[in-house]
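Biologist: Please give me a close look at how the side chains and strands fit together in this chain. I would like each term explained with its cut-offs as you go.

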Amino acid sequence: MYTIDILNKNNTAFSKILNPQGLNFKLTLTGKDTAKFNLPLTHPRADAENLKKHNRIVINRVNPKDRTDVRRIWVGYIEAVRIVDDNNLEVGCKGVYQLFDKRVVTRSFTNWQGGLAVFEILNVKLNPTDDTGITQGDTDVTDIFSHDFFQMQASKAFEKIEEATLCEILTDTDFKLNCKKQIGEDKSSSVIFRFIRNLQNANSIDGFTLLQEGKELFNKIVCYGKNNLITAVRQDNASIAEFGLLEKVRYFTEIEDQNTLNKNAEALLAFHKPIKEIPSISPNKTKIDLFEYGIGDRVRVIIKHGILDFDQIHRILSITVTVGRNNEESINIEIAQEGTKSVKSDEEQLAELAQRVEELES
C-alpha cells in the first residue's frame, strides 16, 4: 500500500492521497528521480492548491510483511499536471535533488575539502537567498579540490566536486544533502539476487537481461590537471596484451594537486579496464522486499543460465517501481560494477547500436 503526502515549499505537509492510482516512480544514484500518478478529476485533492507546481511530494510505502512499518521511499516536487481524458489527470514529479538544476552559484574554492565545499554552497550560497527545504546531511569526504564557479548551476558545481574528489552527492528521503565517498551500504552478504536455471524455488530473480559492453573498455588513462600543469598516466599491461592499446584522455580543470589527480587516474583505469557486465533484474518480491535494499547498495548477483555463469558484487544504480490496481508492485533494478553511476536507457542503447551498424555499413 502507498500513500502520498503533499507539502508546501517549506516542507510543511497539508494534504494526503490514499492509494494513488497509476503510481510509477524511479530512484537513481544520479538524483534524476521521477514519479507520476493519476487522479480522477472528481477527486477531492484534484484542485489548484494541492497540485500547485513545486509543491513537495512524499511517497510512503507500507511494508507488506509488517503493516506497522511505514517509510518514506521517494521525495520530490510537482513539475507538471496533464489532463489525460474527460475524467482523469496525471501528475508528473521530479526528485528533490533536481531543484539544484534551477539554482545558480558563484563561488571560488582554493584547497577546500569536498564535503565542506558542498555544504558551503548549500548553507551560504543557496538557502539564505531562498530556502530549498534541503538541509545539510553527512559527509566523510576530506579530499581537497580547487575551482572557480561563476553563474553555474548548483547541480553542475556538485558534479565538478564529485569528479575532483571521487565522491557522490545525493539527497535522501529526509530532504538532507549527503556528500559521501560512496552512497549506500555493503549488503552483499544479506541481499543476494539469484537466478539459476532449473532451481526456480531457490531463485530471488523472476527475470533478467544482461548487457556485456565493450564500448567503455580502455586500458591506458591520461589525466591532465588545471591548466595542464600536472599529468597522471596509468595503464594495465595485461589488458593491453589481450585487447591492444585502448587510450582515454580526461581533463580535470578543477584539480591542482598531483595526488588527487593520481587517484582519479587510478579510479578511471580500474573502472574502464574490464568488460562491463550490466544486469537488469526483476526481483521476486516474496524473497527480497523493496525495503531490504536501496540506491547505491552493494549486493550479490548470481546468474547461471545457458552460457552465462555470473557471480559478482554489483551496485544498485536505479530502482523503478510500477504499482498496479491492487497495490501489486512491478520492480526493475539496474545494477552495474563499482565505478558506474548510471546506465544508458534501452532507447539510448538501441540508438547507439543503430549508429554503430550504420557506420559499419557506410
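Modeller: What follows goes through aromatic rings, selected polar residues, strand pairing and one helix.

This is a predicted model, in which local features need pLDDT of at least 70 and side-chain atom pairs count only at pLDDT 80 or more, while totals for chains, interfaces and linings use all residues. Residues are numbered from 1 along each chain as its sequence is written, and side-chain values use heavy atoms, leaving out hydrogens and water.

Start with N63, which lies in strand β5, residues 56-63. Helices (H or I, at least four residues) and strands (E, at least two) are DSSP runs numbered from the N terminus. N63 has a relative accessible area of 10%, so it is buried; buried means under 20%, exposed over 50%, and partly exposed in between, with a 1.4 Å probe and protein chains only. Apart from neighbours within four places in sequence, N63 is in contact (heavy atoms within 4.5 Å) with D69, D289 and F291.

F291 also has arginines over its ring face. R61 lies there at 4.6 Å from the ring centre, and R71 at 4.1 Å. A charge sits over a ring if NZ of Lys or CZ of Arg is within 6 Å of the ring centre and within 35 degrees of the ring normal.

Next, rings against rings. Rings of Phe, Tyr and Trp (its six-membered ring) pair if their centres lie within 6.5 Å; planes under 30 degrees apart count as stacked, over 60 as edge-to-face and the rest as tilted. By this rule there are 11 aromatic pairs. In one of them, the ring centres of F100 and F158 are 5.2 Å apart and the planes stand at 85°, so the pair is edge-to-face. This pair links distant parts of the chain, 58 residues apart: F100 is in the loop between β7 (88-95) and β8 (104-113), and F158 is in helix α2, residues 154-165. Both F100 and F158 are buried. Elsewhere, ring pairs join F109, W112, F145 and F149 into a cluster.

E168 is found in strand β11, residues 168-171, and is buried, with a relative accessible area of 8%. Its side chain reaches the backbone nitrogen of I183 at 2.8 Å, and a polar contact of 2.7 Å joins the side chains of E168 and R315. A polar contact is a pair of N or O atoms within 3.5 Å; within protein, one must be able to donate a hydrogen and the other to accept it, and residues adjacent in sequence count only if both atoms are side-chain atoms.

Now the strands, which pair if DSSP finds at least two bridges between them. β3 (residues 21-28) and β4 (residues 34-40) run antiparallel and are joined by 4 bridges; K26 has T34 as its bridge partner in β4. These strands form a hairpin with 5 residues between them, and G31 in the turn has a positive phi of about 85°. β3 also pairs with β20 (residues 308-323) in the antiparallel sense, over 5 bridges, with N24 opposite T322 in β20.

Last comes helix α4, residues 258-272. Its 15 residues reach 21 Å from first C-alpha to last, close to the 21 Å expected at 1.5 Å a residue; the expected span is 1.5 Å times one less than the number of residues. At its start, a side-chain oxygen of D257 reaches to within 3.3 Å of the backbone nitrogen of N259. Buried residues of α4 include L261, N262, L268 and F271. N262 has a relative accessible area of 17% and touches A232 and R234, not counting residues up to four places away in sequence.
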